[in-house]
Amino acid sequence: LAENPYAPADFVTLDGYVPCPAGPTRRGIDVSEHQGRIDWAQVHDAGFDFAFIRIGYRGYESGKLVEDEYIRQNLEKTKEVGMPIGAYFFSQALTTQEVDEEIEFMFSMLGEQYLEMPLVLDWEIPICSSSVTAGIFTPSLTS
């Protein structure tokens, strides 16, 4: 692997974006069912170079794997406009077994779909306890 040539000082905040003037940048968008139906031609025409599309998530209360409501439509429409895509799964996995389940879920949802960008497990620590985290993980919001 090559060493990362950039340092935090190479990045700036500009109109809500964080470009890196020290090197080439591309403008992307991260979407899930929270954005609803998306006009991908409009997104592409607005100058976005790529998209990361949420495949699904692990239910916070139930621990079940849930398909993003718009994953199929978003995959189809980004392909129609020729936008390079990556995909991600919103994870709150608490065990390596859950991580394995999420990875298998991602592969099964994507099938033969070609991704030009990475496939990402977006792992975030649960911020409060639930029936799923009880006895395993009790985060503290204070230090």
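This report walks through a predicted model, from its strands and core to its salt bridges and a few single residues.

## Strands and the crossover

Let's start with the backbone. Strand β1, residues 28-31, pairs with β2 in the parallel sense, and four bridges hold the pairing. One of the bridge pairs is easy to pick out: G28 has F50 of β2 as its partner. Between the two strands the chain runs through helix α1, residues 40-45, and this β-α-β crossover is right-handed.

## The nonpolar core

Next comes the greasy part. The largest nonpolar core counts 19 residues, and W40 and I55 are the ones with the most contacts inside it. Who supplies it? Helices α1, α2 and α3 and strands β2 and β4 each put in at least two residues. The largest share comes from α3, with four residues.

W40 is worth a closer look. Beyond its neighbours within four places in sequence, W40 is in contact with I29, V31, A51, N74, K77, T78, V81 and M83. V81 turns up again in a pair with D45, a residue of helix α1. The C-alpha atoms of D45 and V81 are 9.4 Å apart, while 36 residues separate the two in sequence. D45 itself counts as exposed, at 66% relative accessibility.

## Salt bridges

On to the charged side chains. Side chains of opposite charge can pair when their charged atoms come close. How many salt bridges does a search of the whole structure find? The count is seven.

One of them joins D68 to R54, with 2.7 Å between the closest N and O atoms. D68 sits in the loop between β3 (65-67) and α2 (71-81) and R54 in strand β2 (residues 50-58), so this pair ties together parts that are 14 residues apart in sequence. Are the two partners buried or exposed? Both count as buried: D68 has a relative accessible area of 0%, and R54 comes in at 7%.

Another salt bridge links E101 and R58, where the closest N and O atoms are 3.1 Å apart. Here E101 belongs to helix α3 and R58 to strand β2, so the pair ties together parts 43 residues apart in sequence. The partners sit in unlike surroundings: R58 is buried at 5% relative accessible area, whereas E101 is partly exposed at 31%.

E67 and R72 also meet through their side chains in a salt bridge, at 3.6 Å from N to O. E67 is partly exposed, with 34% relative accessibility, and R72 is partly exposed too, with 47%. Elsewhere, salt bridges that share partners join R58, E98, E101 and E102 into one network.

## E98 and Q92

E98, a member of that network, is placed in helix α3, which spans residues 96-110. With a relative accessible area of 16%, E98 is buried; the cut-off for that label is under 20%. The E98 side chain also reaches the backbone nitrogen of L94, at 2.7 Å. Setting aside residues up to four places away in sequence, E98 touches R58, Q92 and A93.

That brings us to Q92, found in the loop between β4 (85-91) and α3. Q92 is buried as well, at 14% relative accessibility. Which residues does Q92 touch, not counting those up to four places away in sequence? The list takes in R58, E98 and E102, along with Y60, W123, E124, I125 and P126. So R58, E98 and E102, contacts of Q92, are also members of the salt-bridge network.

## Ahead of β1

Last stop: T25, in the segment before β1. T25 is partly exposed, with a relative accessibility of 49%; a residue has to be over 50% to count as exposed. Apart from neighbours within four places in sequence, T25 is in contact with P19 and C20. The C-alpha atoms of T25 and D49 are separated by 9.7 Å, though the two residues are 24 apart along the chain.

Terms used: Residues are numbered from 1 along each chain as its sequence is written. This is a predicted model: local features need pLDDT of at least 70, side-chain atom pairs count only at pLDDT 80 or more; totals for chains, interfaces and linings use all residues. Side-chain values use heavy atoms; hydrogens and water are left out. Buried means under 20% relative accessible area, exposed over 50%, partly exposed in between (1.4 Å probe, protein chains only). A polar contact is a pair of N or O atoms within 3.5 Å; within protein, one must be able to donate a hydrogen and the other to accept it, and residues adjacent in sequence count only if both atoms are side-chain atoms. Contact means heavy atoms within 4.5 Å. A salt bridge is a side-chain nitrogen of Lys or Arg within 4 Å of a carboxyl oxygen of Asp or Glu. Two strands pair if DSSP finds at least two bridges between them. A crossover is right-handed if, with the strands pointing away from the viewer, the path from the first strand over the helix to the second runs clockwise. A nonpolar core is a set of buried Ala, Val, Leu, Ile, Met, Phe, Trp, Tyr and Cys residues joined through side-chain atoms within 4.5 Å.
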